[in-house]
Amino acid sequence: MTETGSSTEKKRLFIKSYGCQMNVYDSERMADVLAPLGYEPVDAPEGADLVVLNTCHIREKATEKVYSELGFIKQMKADRKADGGAMQVVVAGCVAQAEGEEIMRRQPAVDLVVGPQSYHQLPELIARASRARGERLATDFAPEAKFDALAKTRTAGGVTAFLTVQEGCDKFCSFCVVPYTRGPEWSRPVDAILAEARSLAERGVREVTLLGQNVNAYAGEGGLASLARQLAKIDGLDRIRYTTSHPNDMDDALIAAHAEVEELMPYLHLPVQAGSDRILKAMNRSHTADSYLKVIEKIRAARPDMAISGDFIVGFPGEREADFQATLDLVEAVGHAAAFSFKYSRRPGTPAAAMQGQIAEDVKVERLARLNALLDSQQAAFNQAQVGRTLGVLFERPGRRPGQVVGRSPFLQPVHIEGGAELIGQILPVHIVSATKGSLTGALLSQVAA
Ligand code: SAH
Ligand code: SF4
Ligand code: F3S
């Protein structure tokens with residue numbers, strides 16, 4: 001038996017994901033590549049044979065969280081050793097890529113550091129790291145080799161699934177680490193994606209969310225519009241979503257697909273970041289507030305009910321009160337169904353970190369609160385507007401209360417109803433009776449009618 005071959009000896013694997021959905025996808029794929037070695041996922045790190053932290057570097061807080069978590073893991077590793085066992089500790093993801101060997105210097109309990117484009121090598125690397133103090137760092141950019149090496153079928157359960165179709169970013173927004181941690185833009189071939197989607201549909205997945213740091217820059221044959229049209233033909237696959245998109249890559253073909261392809265859900269995450277052209281320019285976003293609004297207008301012409309979501313940064317270097325006001329104005333003009341807003345975080349090595357006019361923390365806090373108040377009210381209004389309507393809901397899981405089941409509306413809102421687990425995996429019309437800021441409550445139309 002080779003060191004990377006299959007093994008029947010059961011081992012406990014704990015993976016923790018931080019950051020974006022691409023990390024969630026990667027964590028699932030890591031579990032897939034480790035399964036043939038006998039690793040079975042467990043819910044807690046205590047007593048695990050292998051702990052993987054799949055990390056995020058996007059803001060300072062995200063990175064620091066990893067080091068504090070590693071402090072706890074170090075203690076667990078020591079406890080495990082005292083009990084005569086062994087725990088291997090792997091740091092994967094974007095902090096791994098950005099900080100490399102520095103991680104092992106800061107936390108010697110770490111056995112291995114693996115970047116987001118190298119985790120397919122995990123079986124080999126783990127075997128090597130446990131034998132000798134050999135290679136302990138893998139941070140090449142080789143997305144093609146990675147996807148070729150990953151198993152063609154997936155073990156992930158559930159009725160919804162993530163599917164990475166594009167990786168990396170060439171946009172170099174001046175605040176952002178992603179182009180450095182994920183490497184250049186690269187798109188998976190159409191056939192590989194269709195094969196993975198079919199395999200998901202065969203195991204009961206009804207909704208896929210296509211993932212990419214710039215998913216609408218997907219450069220496989222025909223672009224994202226054509227990919228969506230082909231995916232829509234797969235039996236059993238009834239809902240298609242994608243995230244995250246860049247405003248400049250929202251082309252006419254994709255917008256037209258939203259008008260024509262029923263499976264494409266009317267929810268679009270299209271981050272704008274800010275509403276002031278001066279700040280957008282300093283951010284190197286290469287769009288203006290006005291060009292963004294024109295894109296939104298086109299999208300709504302094709303799909304009038306499209307729910308718009310976005311990301312915002314407040315307190316970017318040089319942001320004056322008037323610039324911030326322009327962000328509020330843009331938010332007012334768009335009307336959001338959901339949004340994520342952040343205080344600017346200075347990331348070493350990015351151009352914005354060296355800019356003049358860094359904004360004081362208290363100003364950032366105050367602007368974030370004002371922006372969130374506006375976005376929260378828009379989200380609440382959007383949810384409230386669904387009351388009295390009937391929405392198709394894909395049921396995903398039992399609710400927190402017994403007798404309850406939870407699904408999602410086409411607009412990605414969680415919808416709670418009274419019902420049993422037999423509903424999971426079905427898409428059924430639900431009459432919406434009430435709404436909160438975060439979710440909807442309703443009843444099956446069949447129950448209402450009865
Ligand atoms: N590719 C996507 C998402 C990138 S990261 C896009 O183009 O929008 C997700 C979000 O994190 C970004 O949209 C941005 O709003 C936020 N972000 C990125 N870098 C940040 C930083 N240095 N400080 C605060 N927020 C940041
Ligand atoms: Fe970061 Fe900008 Fe690329 Fe998005 S488009 S990942 S914000 S550099
Ligand atoms: Fe974080 Fe990397 Fe995603 S930095 S947001 S995990 S691409």
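Which residue follows H8 and has a positive phi? That residue is Gly 204, with phi near 95 degrees. The model is predicted, and H8 is a good place to enter it.

Helix H8 spans residues 190-202 and holds 13 residues. From first C-alpha to last it reaches 18 Å, close to the 18 Å expected at 1.5 Å a residue. Much of the interest lies in what it hides. Buried residues of H8 include Val 190, Ile 193, Leu 194 and Ala 197. Glu 196 and Ser 199 are buried as well. So are Leu 200 and Ala 201, again in H8. The buried residues of this helix pack against two helices, H1 (21-34) and H9 (223-232). They also pack against strands S7 (160-164) and S10 (207-211).

Now turn to the ligands, starting with ligand 1. It is surrounded by 15 residues. The closest are Phe 175, Gln 213, Gln 273, Asp 311 and Ser 345. By class, this shell has six nonpolar, four polar and five charged residues. Two strands, S13 (307-314) and S14 (338-343), each supply at least two residues of the shell.

Polar atoms come next. Gln 213 places a backbone N or O atom 2.7 Å from a nitrogen atom of ligand 1. Gln 273 works through its side chain: a polar atom there lies 2.7 Å from an oxygen atom of ligand 1. Arg 59 has a polar side-chain atom 3.1 Å from an oxygen atom of ligand 1. On its own, ligand 1 has 540 Å² of accessible area, and the protein covers 89% of that.

Gln 273 deserves a second look. Its phi is positive, about 75 degrees, although it is not a glycine. Most residues other than glycine have a negative phi. Gln 273 sits in the loop between strand S12 (267-269) and helix H11 (277-282). Is it buried or exposed? Gln 273 has a relative accessible area of 8%, so it counts as buried.

Ser 286 makes a useful contrast. It too is not a glycine and has a positive phi, about 55 degrees. Its loop runs between H11 and helix H12 (289-302). Ser 286 is exposed, with a relative accessible area of 56%.

One peptide bond also stands out. Most peptide bonds are trans. The bond joining Thr 243 and Thr 244 is cis, with omega about 0 degrees. Thr 244 is found in the loop between strand S11 (239-243) and helix H10 (252-260).

Two further ligands remain. The residues around ligand 2 include Cys 169, Cys 173 and Cys 176. Phe 175, also listed among the closest residues to ligand 1, is one of the residues around ligand 2. Others there include Lys 171, Asn 214, His 246 and Arg 285. The shell of ligand 2 divides into seven nonpolar, two polar and two charged residues.

Around ligand 3 the residues include Cys 20, Cys 56 and Cys 94. Asn 23, Thr 55, His 57, Ile 58 and Arg 182 are also among them. Gln 213 is there too, and its backbone makes the 2.7 Å approach to ligand 1. The shell around ligand 3 has four nonpolar, four polar and one charged residue.

A last stop is Ser 439, in the loop between strands S18 (427-435) and S19 (440-444). Its relative accessibility is 15%, so Ser 439 counts as buried. Beyond its neighbours within four places in sequence, Ser 439 is in contact with Asn 383, Pro 414 and His 416.

Terms used
Residues numbered from 1 in each chain as written. Chains lettered and ligands numbered in written order. Predicted model: local features only at pLDDT ≥ 70, side-chain atom pairs only at ≥ 80, totals over all residues. Heavy atoms only, no water. Near = heavy atom within 4 Å. Nonpolar A, V, L, I, M, F, W, Y, C, P; charged D, E, K, R; others polar. Polar contact = N/O pair within 3.5 Å; in protein donor to acceptor, adjacent residues only side chain to side chain. Areas by Shrake-Rupley, 256 points an atom, 1.4 Å probe, with all protein chains shown as cover. Helix = DSSP H or I, 4+ residues; strand = E, 2+ residues; numbered from the N terminus. Expected span 1.5 Å × (residues − 1). Buried < 20%, exposed > 50% of the residue type's maximum accessible area, 1.4 Å probe, protein only. Contact = heavy atoms within 4.5 Å.
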